[in-house]
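Biologist: I am new to reading models. Could you take me through one, feature by feature?

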Amino acid sequence: GIETSCDESAIALLENQGDPRRPAPSAGQAGGWLSVKYNIVSSQIEIHKQYGGVVPEVAARAHVPVLAGLIADSGIGPDDVDLIAVTSGPGLITALRVGIDTAKTLSWAWGKPLIGVNHIEGHVYANWIVGSAEWGVRSCAAPVFPALCLVVSGGHTELLLMTGHGQYQRLGETLDDAVGEAFDKSAKLLGLPYPGGPEISKAAQAGDARRYKFPRPLSQDATLNFSFSGLKTAVRVAVGDRTLNPQDVADLAASFQEAAVDSLMIKTKRALNQNREVQSLILAGGVSANQLLRAGLSELAHEFGLPLFLPDLAFTGDNAAMIAAAGYFRRSEASEKAWESLAPESNWQLGEGNKKS
Ligand code: KG4
Ligand code: ZN
C-alpha cells in the first residue's frame, strides 16, 4: 500500500491469512483476516504548521524525497509483494501523482499487478485490519452487510450505505465544510495549532460544554446531509475580538466539540431509523480518533443492537495499511498493465449519490 493524497507519506505491507471475506469470529478461530507486516507514516505536519494548514504544492514536493526513502528503508522487495495498491483519489492532485508514479514504477519494475484505490474506501477498510503483535491484535470479526458507514475526515463527511464489498450508496454528505475542516478552522480561531482536531479534543477535557450554545446545523432537516460552516461561524462570533484565557479556550473547545459530535450523531441515528436493514455500524476517517464521537456511537450502536466497528487508533489518520486493505478486496480489478494508464482522480466520489435522501 502507498498513500500520498495529502500531507502524510506512507507505505505498508499487509498479508491475508485465509480468506478475509469469511472473518474468524474471534482470534485463533477458523476464518481469515488481514494482518499488518509493515506500516510506516511520515507526517509533514511540522512543515505545514507554519502556514496553519496544508499547502498543496509544498505537500507534493515534500513527498518526493521521503517516499523513495521509506520504501528503501523498509527492505520490502518484489519477493514480498503480490499486489501494489496506491491511493489515486480523492486528494491533492500533485500529491497523489507522487504516490501513483512511484507505484507505477514499482509495478513495472517488479512485474506486479497495480490497483488505484479510493482514499475514502481505504478509511472504510481500516476496519478490516486486524494488525499484528506489533500493531495490536483485536477481534477478527468483520462488519456484516448492509453496513452504515459514517465517514468523517478533513475533506469528507458522508453517510454511506455499504451493501457489499466495494458497493456504496451515498445517503448524505456535507453541503459545505467537512467536520474535520470545522475542527481545524475552529481550532485556528481559538489560537490552537494545526491540525486542530486533536488539539480541540485535548483542550475540551478541561472545558464546560454547556457554557456556549452552539447550533446543530440541519438537525431539523429531513435529509441525511450535514453542514458545518455555520458552526464554525458561531465559534468566530463567540470569540469576537476578546483575548481568550485558557478557560475560555477550553469551554469553547468543549462546546464546539459537543455540537459537532451531536450533529454527526443526529444524522447517523436518523439514517439507522430510515434503514432498518442495516446489520453493522462503521466509523471511518481521521475524526474517528475523537473519543467523544467513539463513545457516542457506542451508545447508539447499543441502542440499535448493532455491532460497531471503530478503526484501531493506529489506523484512524491517513496511512497506507488501509489502502493495502482496500486494494486487497479489489484485487480482481488489478492489472499488470495499469502502470500504463493509472491517473489521479482528485474528486473521485465513492458510490452513487443521495439515492435515499
Ligand atoms: O482522514 P484524515 O487523516 O485526512 C483526510 O483524509 O482528510 O483526517 C484528518 C482530519 C483533520 O481535520 C484532523 O483535525 C481530524 O481529522 N482529527 C480529529 C481528531 N484527530 C484527527 N478531529 C477530531 N478529534 C480528533 N481526535
Ligand atoms: Zn484521510
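Modeller: We will go through the metal site, the ligand, and the salt bridges. Keep in mind that this is a predicted model.

Biologist: Which protein atoms are the donors of the zinc ion (ligand 2)?

Modeller: For a metal, list the donor atoms, then their distances. Here the donors are His119 (NE2), His123 (NE2) and Asp318 (OD). They lie 2.0 to 2.1 Å from the zinc ion. Along the chain, the donors follow the spacing H-x3-H-x194-D.

Biologist: How are His119 and His123 placed in helix 4?

Modeller: They are four residues apart in helix 4 (residues 119-125), so about one helical turn separates them.

Biologist: Are these two histidines buried or exposed?

Modeller: Look at relative accessible area; under 20% counts as buried. His119 has 7%, so His119 is buried. His123 is buried too, at 1%.

Biologist: Now the other ligand. How many residues surround ligand 1?

Modeller: For a ligand, start with its shell. Ligand 1 has 18 residues around it. The closest are His123, Gly154, Asp184, Gly197 and Gly286. His123 is also a donor of the zinc ion. By class, the shell holds four nonpolar, twelve polar and two charged residues. Helix 4, helix 5 (179-189) and helix 6 (196-204) each supply at least two shell residues.

Biologist: Which residues have polar atoms close to an oxygen atom of ligand 1?

Modeller: Check whether each contact uses side chain or backbone. At Asp184, an N or O atom of the side chain is 2.6 Å from a ligand 1 oxygen. Gly197 offers a polar backbone atom at 3.0 Å. Gly155 also offers a polar backbone atom, at 3.4 Å. The protein covers 85% of the 550 Å² of accessible area that ligand 1 has on its own.

Biologist: Last topic. How many salt bridges does the structure hold?

Modeller: Side chains of opposite charge can pair when their charged atoms come close. This structure holds 18 salt bridges. One of them joins Arg170 and Glu173, at 3.2 Å from N to O. Both of these residues are buried.

Biologist: Where in the chain are Lys232 and Asp177?

Modeller: These two form a salt bridge, with their closest N and O atoms 2.9 Å apart. The pair links distant parts of the chain, 55 residues apart. Lys232 is in helix 7 (residues 229-239). Asp177 is in the loop between strand 8 (167-173) and helix 5. Both Lys232 and Asp177 are buried. Salt bridges that share partners join Asp177, Glu181, Lys185 and Lys232 into one network.

Notes. Residues are numbered from 1 along each chain as its sequence is written. Chains are lettered from A and ligands numbered from 1 in the order in which they are written. This is a predicted model: local features need pLDDT of at least 70, side-chain atom pairs count only at pLDDT 80 or more; totals for chains, interfaces and linings use all residues. Side-chain values use heavy atoms; hydrogens and water are left out. Donors are N, O and S atoms within 2.8 Å of the metal (3.2 Å for Na, K and Ca); water is not among the atoms, so sites may look incomplete. Buried means under 20% relative accessible area, exposed over 50%, partly exposed in between (1.4 Å probe, protein chains only). A residue is near a molecule or strand if one of its heavy atoms lies within 4 Å of it. A polar contact is a pair of N or O atoms within 3.5 Å; within protein, one must be able to donate a hydrogen and the other to accept it, and residues adjacent in sequence count only if both atoms are side-chain atoms. Accessible areas come from the Shrake-Rupley method with a 1.4 Å probe; for residues, only the protein chains shown count as cover. Ala, Val, Leu, Ile, Met, Phe, Trp, Tyr, Cys and Pro count as nonpolar, Asp, Glu, Lys and Arg as charged, and the others, Gly among them, as polar. A salt bridge is a side-chain nitrogen of Lys or Arg within 4 Å of a carboxyl oxygen of Asp or Glu.
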